[in-house]
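Subject: Structure handover

Hello,

Here is the structure I promised to pass on. My notes on it follow below, with the cut-offs spelled out along the way.

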Number of protein chains: 2
Amino acid sequence: MNTRDKITRLADQLIRKQGYNAFSYKDLSEPMQVRNAAIHYHFPAKADVGIAVIDKAIREFDEYKQQWSDLPENEQLEQFAQMYMRNCKQGLICLMGSLAPDYLTLPEAMQMKVRAMGQDLLDWLTYCLEQGRKKGLFSFSGEAYDRALLVASTLLSALLLNRVLGEDTFQRMYDQLLSDLLKK
Amino acid sequence: MNTRDKITRLADQLIRKQGYNAFSYKDLSEPMQVRNAAIHYHFPAKADVGIAVIDKAIREFDEYKQQWSDLPENEQLEQFAQMYMRNCKQGLICLMGSLAPDYLTLPEAMQMKVRAMGQDLLDWLTYCLEQGRKKGLFSFSGEAYDRALLVASTLLSALLLNRVLGEDTFQRMYDQLLSDLLKK
DNA sequence: TTGATTACTTACTAGTAAGTTAGTAGTTTT
DNA sequence: AAAACTACTAACTTACTAGTAAGTAATCAA
């Protein structure tokens, strides 16, 4: 892994642990054992770091989608939810949960990336729910897009609230979410 | 309204617009037309501002709860959700949505306050849902506490996502949330 | 009337933030 | 072998951060 990728990975963890506005070039340069200017060489401005992190997340989600594409929709959704559960076990929230509260303080280029990432995720989830309902794998009322909003929102908040309200919070919300969707 | 209350109110809006780590004493002193030391006179450390904001939110929610106490539970829930809708119209997210992502960067005294605020809200919502279900006003499966987590999470995320995904997002999630709970 | 308290001000500090400039090894290209 | 490129470092700047110390005018209590 090259330096640029190492920085991106480290920044990703910092953003999802502390938030975009709470990490600095020092938090990147010190663990990497380089000078602050070395980070600026790869990423001239802080927004460039943020954009690289979001781009990486979009690419990785693309890969997951491909890997899951042959599974039935209920299992795809479970895989999707387990992605969040793995984050939870590492004490990390999701990128949207971290960046949405700071949205108005982000440079425009980052705002656009965050929006694109959200739309990308929602598009996939909407299609997954719609197809799954057609096959009788899911049971829910209303438009699939609206349900996708609620599903994504539950997983996002579950990561947030797990930190604040206690370590069983994610699991409780996860179980209830799936039981709601799968029940006849 | 005295200076201390004005500062608290301004800080509340800044936290819910930009996040706790993205606002400074300057953001308080400039609009108040006082020097930075004047803010420090009322709130020696930044955490003291944060704690005052959370305390105010807890007190105000207490007042709302009292005002709603004679309403049937479905109307109490609607009032609760409309509280979030008013925030949405002002472009503000809720305190939990703002502070939970930054939770690990907050001083311990603030972490405790955030947790207390969350538990307070969840306790009320759990009781509201439980009583409402007993009376046949709500229809949902599982424990009332778990359902309360999902309801709170939906409103919290609806405010976050409304910024990122477009201005109809809150309304869509609001409608779906209430329709899910109220449907027979 | 004196003394204390309240609500500030001016002026400052030490630390940190993102970002820049010029220079330099080591490698790659021509 | 010369030129160009890559990946840095050393040293710096400007701007802002939370926080402090000492002083002051106005009000309030004894």
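A disulfide here is a pair of cysteine sulfur atoms within 2.5 Å. By that rule the count over all chains is zero.

Some bookkeeping before the details. This is a predicted model, in which local features need pLDDT of at least 70 and side-chain atom pairs count only at pLDDT 80 or more, while totals for chains, interfaces and linings use all residues. Residues are numbered from 1 along each chain as its sequence is written, chains are lettered from A and ligands numbered from 1 in the order in which they are written, and side-chain values use heavy atoms, with hydrogens and water left out.

**Cysteines**

Why does A:Cys94 form no disulfide? Its closest cysteine sulfur, in A:Cys88, is 11 Å away, which is too far for a bond. A:Cys94 is buried, at 8% relative accessible area; for this term, buried means under 20%, exposed means over 50%, and partly exposed lies in between (1.4 Å probe, protein chains only). In chain B, the sulfur of B:Cys88 has its closest cysteine sulfur in B:Cys94, also 11 Å off and too far for a bond. B:Cys88 counts as buried, with 16% relative accessibility.

**The interface**

Chain A and chain B each bring 45 residues to the contact, where contact means heavy atoms within 4.5 Å. About 3,800 Å² is buried between the two chains, and carbon and sulfur atoms give 63% of that area. Buried area is the accessible area (1.4 Å probe) that two parts lose on being put together, summed over both.

For polar contacts, the rule asks for a pair of N or O atoms within 3.5 Å; within protein, one must be able to donate a hydrogen and the other to accept it, and residues adjacent in sequence count only if both atoms are side-chain atoms. Across the interface this gives 14 residue pairs, both residues being at pLDDT 80 or more. On the side of chain B that touches chain A, the elements that give two or more residues are helices H1 (3-18), H6 (95-99), H7 (108-134), H8 (144-165) and H9 (169-182) of chain B. Helices (H or I, at least four residues) and strands (E, at least two) are DSSP runs, numbered from the N terminus. H8(B) gives the most to that side, with 14 residues. By class, this side of chain B has 19 nonpolar, 16 polar and 10 charged residues. In that tally Ala, Val, Leu, Ile, Met, Phe, Trp, Tyr, Cys and Pro are nonpolar, Asp, Glu, Lys and Arg are charged, and the others, Gly among them, are polar.

**Salt bridges**

A salt bridge is a side-chain nitrogen of Lys or Arg within 4 Å of a carboxyl oxygen of Asp or Glu. There are 22 over all chains, and six are counted between chain B and chain A.

One that crosses the interface joins B:Asp146 and A:Arg172, with N to O at 2.4 Å. Another joins B:Arg172 and A:Asp146, with N to O at 2.4 Å. This pair runs from helix H9 of chain B, which holds B:Arg172, to helix H8 (residues 144-165) of chain A, which holds A:Asp146. B:Arg172 is partly exposed at 25% relative accessibility, whereas A:Asp146 is buried at 10%.

Within chain A, A:Lys113 pairs with A:Asp55, the closest N and O atoms being 2.7 Å apart. A:Lys113 lies in helix H7 (residues 108-134) and A:Asp55 in helix H4 (residues 46-68) of chain A, so the bridge ties together parts that are 58 residues apart in sequence. Both are partly exposed, A:Lys113 at 27% and A:Asp55 at 24%.

Within chain B, B:Glu60 and B:Lys56 form a salt bridge at 3.7 Å between the closest N and O atoms. They are four residues apart in helix H4 (residues 46-68) of chain B, and therefore separated by about one helical turn. B:Glu60 is partly exposed at 39%, and B:Lys56 is buried at 19%. Elsewhere, salt bridges with shared partners link A:Glu143, A:Asp146, B:Asp168 and B:Arg172 into one network.

**A backbone detail**

A:Gln33 has a positive phi, near 60°, in a residue other than glycine. A:Gln33 sits in the loop between helix H2 (25-32) and helix H3 (36-42) of chain A, and is exposed at 73% relative accessible area.

Best wishes
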